[in-house]
Amino acid sequence: MNADTPEAHELMGWWRQKGCSMPRQHISVSGGGGTGGREYPRIHFSDIEERAMGMNGTPEYFSVSCFVTHIKTDKNLWYIACPVCKKKLQSANETNLEGHCEKCDKSVMGTRRWIFSGQCNDVTGSRYINFFDDTAVKLLDSKSADELAPLKEENPVAFDGHFRRHSFQRVMMKCQVRSDNYNDEQRLKVSCQAFAPLNTVEEGTRLLQEIRTMSF
């Protein structure tokens with residue numbers, strides 16, 4: 001909208017006289033596709049505490065527009081799993097990936113599967129989000145843990161650099177939030193279910209549609 005048009009002046013007048021004092025409301029939409037048809041209402045990170053999401057014993061789901069600003073690499077980033085059922089192989093290690101899968105009841109050659117957390121920021125604050133193998137591979141430009149594991153030993157600087165290069169992505173993310181008890185302390189865990197790069201054209205169109213529905 002051109003700032004010199006009558007419509008722009010009318011909108012500015014409404015904002016100064018009335019709009020600036022109106023209660024703020026978060027814009028929300030339902031998410032869909034790629035996650036079994038489940039609804040992912042659009043929220044901000046601050047809404048998680050304000051609405052006590054995930055605290056009633058049942059997982060809740062939401063979508064959020066955010067930046068992935070930092071991926072933690074100072075802790076173990078993967079586990080060794082059965083290639084069939086994906087369960088952790090308790091007897092396998094980095095020296096010997098082979099182990100006995102209790103679920104499949106057989107010895108298998110394990111594969112590394114990503115499991116790490118990343119700091120994500122929106123306009124209201126930040127959250128550490130858990131990424132599991134499917135979403136982690138996508139976040140890291142299709143690189144599996146088995147592919148990058150040797151680099152961690154051979155060139156730690158290059159390994160960390162790969163994670164830094166794939167930080168600061170702006171995405172539309174679908175998440176699950178649920179409460180978890182750890183050492184008799186209740187805490188929230190937020191996990192990424194799916195994400196995609198933010199489509200700025202669609203986002204701008206959506207915001208314009210929301211503005212048009214407001215009562216001036």
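Begin with the second largest pocket, which has a volume of about 570 Å³; the model in view is a predicted one. Select F116, S117, N130, R187 and K189, which lie nearest the centre of this pocket among the 16 residues that line it. Then colour β5 (111–122), β6 (125–132) and β8 (185–197), the elements that each contribute two or more residues to the lining. By character, the lining comprises seven nonpolar, three polar and six charged residues.

Keep F116 selected and turn to the aromatic rings. The structure contains seven aromatic pairs. In one of them, W78 and W114 meet edge-to-face, with 5.7 Å between centres and 70° between the planes. This pair joins distant parts of the chain, since W78 belongs to strand β2 (residues 78–81) and W114 to strand β5, 36 residues apart. Both W78 and W114 are buried. Next, show W114 with F116: this pair is also edge-to-face, at 5.8 Å centre to centre and 75° between the planes. F116 counts as buried because its relative accessibility is 5%, and W114 is buried at 1%. Extend the selection to F131, F159 and F163, which ring pairs link with W78, W114 and F116 into a cluster.

Two lysines come next. K152 lies over the face of W78, 5.4 Å from the ring centre. At F195, the charged end of K138 sits over the ring, 4.8 Å from its centre.

Finish at S65 in strand β1 (residues 60–71). S65 has a relative accessible area of 13% and is therefore buried. Apart from neighbours within four places in sequence, S65 is in contact with R42, D122, R170, V171, M172 and L198.

Key: Residues numbered from 1 in each chain as written. Predicted model: local features only at pLDDT ≥ 70, side-chain atom pairs only at ≥ 80, totals over all residues. Heavy atoms only, no water. 1 Å grid on protein atoms, 1.4 Å probe; cavity = no way out; pocket = protein on both sides within 12 Å on 5 of 7 lines; lining within 4 Å. Points joined across faces, edges and corners; volume = space filled by probe spheres on them. Helix = DSSP H or I, 4+ residues; strand = E, 2+ residues; numbered from the N terminus. Nonpolar A, V, L, I, M, F, W, Y, C, P; charged D, E, K, R; others polar. Buried < 20%, exposed > 50% of the residue type's maximum accessible area, 1.4 Å probe, protein only. Contact = heavy atoms within 4.5 Å. Phe/Tyr/Trp six-rings, centres within 6.5 Å; stacked < 30°, edge-to-face > 60°. Lys NZ or Arg CZ within 6 Å of the ring centre and 35° of its normal.
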